[in-house]
Amino acid sequence: MSVAEVHADIRETLGLVPEFFEEVPDFLIEAEWASFKGLMLTETAIPNKYKELIGLGVSGATRCRYCVYYHTEAARLFGATDEEINEAAMVAKNTMGWSTYLNTRHFDYDRFTREFDQIAEHVRSQMAATV
C-alpha cells in the first residue's frame, strides 16, 4: 500500500490520522498500521477489553501518560467498567511491588518455579475436588 492508501485506511478506521501515525517514517507506516490495527482493533484470542486492561497495567508500570490515557479510554470503548479499570491498576501495582521485592532479594529462581509448580498442582487438585 502507498502512504496515501495507508493514511486513507487509518482515516476510515479512526476518523482522522493522528499525529503519531503521521510521523511514522513512510517505509514503516504500512507495517506499523497493520500491526496496530490487527492487534489492537481486531478481536483476537484475547478479547479487546482484556487487551486494553493489560495495556493499561503495562502503561502504568512504564509511567507513560499517553498510553495510560489511550488504554483507559479504549478499555471503556470495549466495555470495561470503572471497577475493572481500577482493578487492572491494582493488579499492576501488586505485580510491580512483588517484582521489586523478588528481584531485590535475589530469591533463587529455580526454587521459586518449583514452589510455584507445587502451588499450581495443589490448587488444581482443590479445584478438581470441588467440581
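**View 1. Phe-21 and Phe-36, two buried rings that meet edge-to-face.** In this predicted model, Phe-21 and Phe-36 are both buried. A search of the whole structure finds seven aromatic pairs, and one of them is formed by Phe-21 and Phe-36, whose rings lie 5.3 Å apart from centre to centre, with 80 degrees between their planes, an edge-to-face arrangement. The pair joins distant parts of the chain, since Phe-21 belongs to helix α2 and Phe-36 to helix α3, and the two residues are 15 residues apart.

**View 2. Phe-36 and Tyr-70, a tilted pair between helices α3 and α5.** The ring centres of Phe-36 and Tyr-70 are 6.0 Å apart and the planes stand at 55 degrees, so this pair is classed as tilted. Here too distant parts of the chain are linked, with Phe-36 in helix α3 and Tyr-70 in helix α5, 34 residues apart. The relative accessible area of Phe-36 is 19%, so Phe-36 counts as buried, because the cut-off for that word is under 20%. Tyr-70, at 27% relative accessibility, is therefore described as partly exposed.

**View 3. The aromatic cluster around these rings.** Phe-21, Phe-36 and Tyr-70 belong to one aromatic cluster, which also includes Phe-20 and Trp-33.

**View 4. The largest pocket and the residues that line it.** The space in the largest pocket amounts to about 350 Å³. Two or more lining residues come from each of the elements α2 (19-22), α3 (26-40) and α5 (65-77), and the largest share, four residues, is given by α5. Among the lining residues are Phe-20, Phe-21, Phe-36 and Tyr-70, which are found there together with others including Leu-14, Leu-16, Pro-18, Met-40, Cys-67 and His-71. When the lining is sorted by class, 10 residues are nonpolar and one is polar, while no charged residue is present.

**View 5. Arg-65 over the ring of Tyr-66.** Tyr-66 is another of the residues that line the largest pocket. Arg-65 lies over the face of the Tyr-66 ring, at a distance of 5.5 Å from the ring centre.

**View 6. Asp-9, a buried residue of helix α1.** Asp-9 lies in helix α1, which covers residues 3-14. Its relative accessible area is 18%, so Asp-9 counts as buried. When residues up to four places away in sequence are not counted, Asp-9 touches Met-1, Trp-33 and Lys-37, and of these Trp-33 has already appeared as a member of the aromatic cluster.

Technical notes
Residues numbered from 1 in each chain as written. Predicted model: local features only at pLDDT ≥ 70, side-chain atom pairs only at ≥ 80, totals over all residues. Heavy atoms only, no water. 1 Å grid on protein atoms, 1.4 Å probe; cavity = no way out; pocket = protein on both sides within 12 Å on 5 of 7 lines; lining within 4 Å. Points joined across faces, edges and corners; volume = space filled by probe spheres on them. Nonpolar A, V, L, I, M, F, W, Y, C, P; charged D, E, K, R; others polar. Buried < 20%, exposed > 50% of the residue type's maximum accessible area, 1.4 Å probe, protein only. Contact = heavy atoms within 4.5 Å. Phe/Tyr/Trp six-rings, centres within 6.5 Å; stacked < 30°, edge-to-face > 60°. Lys NZ or Arg CZ within 6 Å of the ring centre and 35° of its normal.
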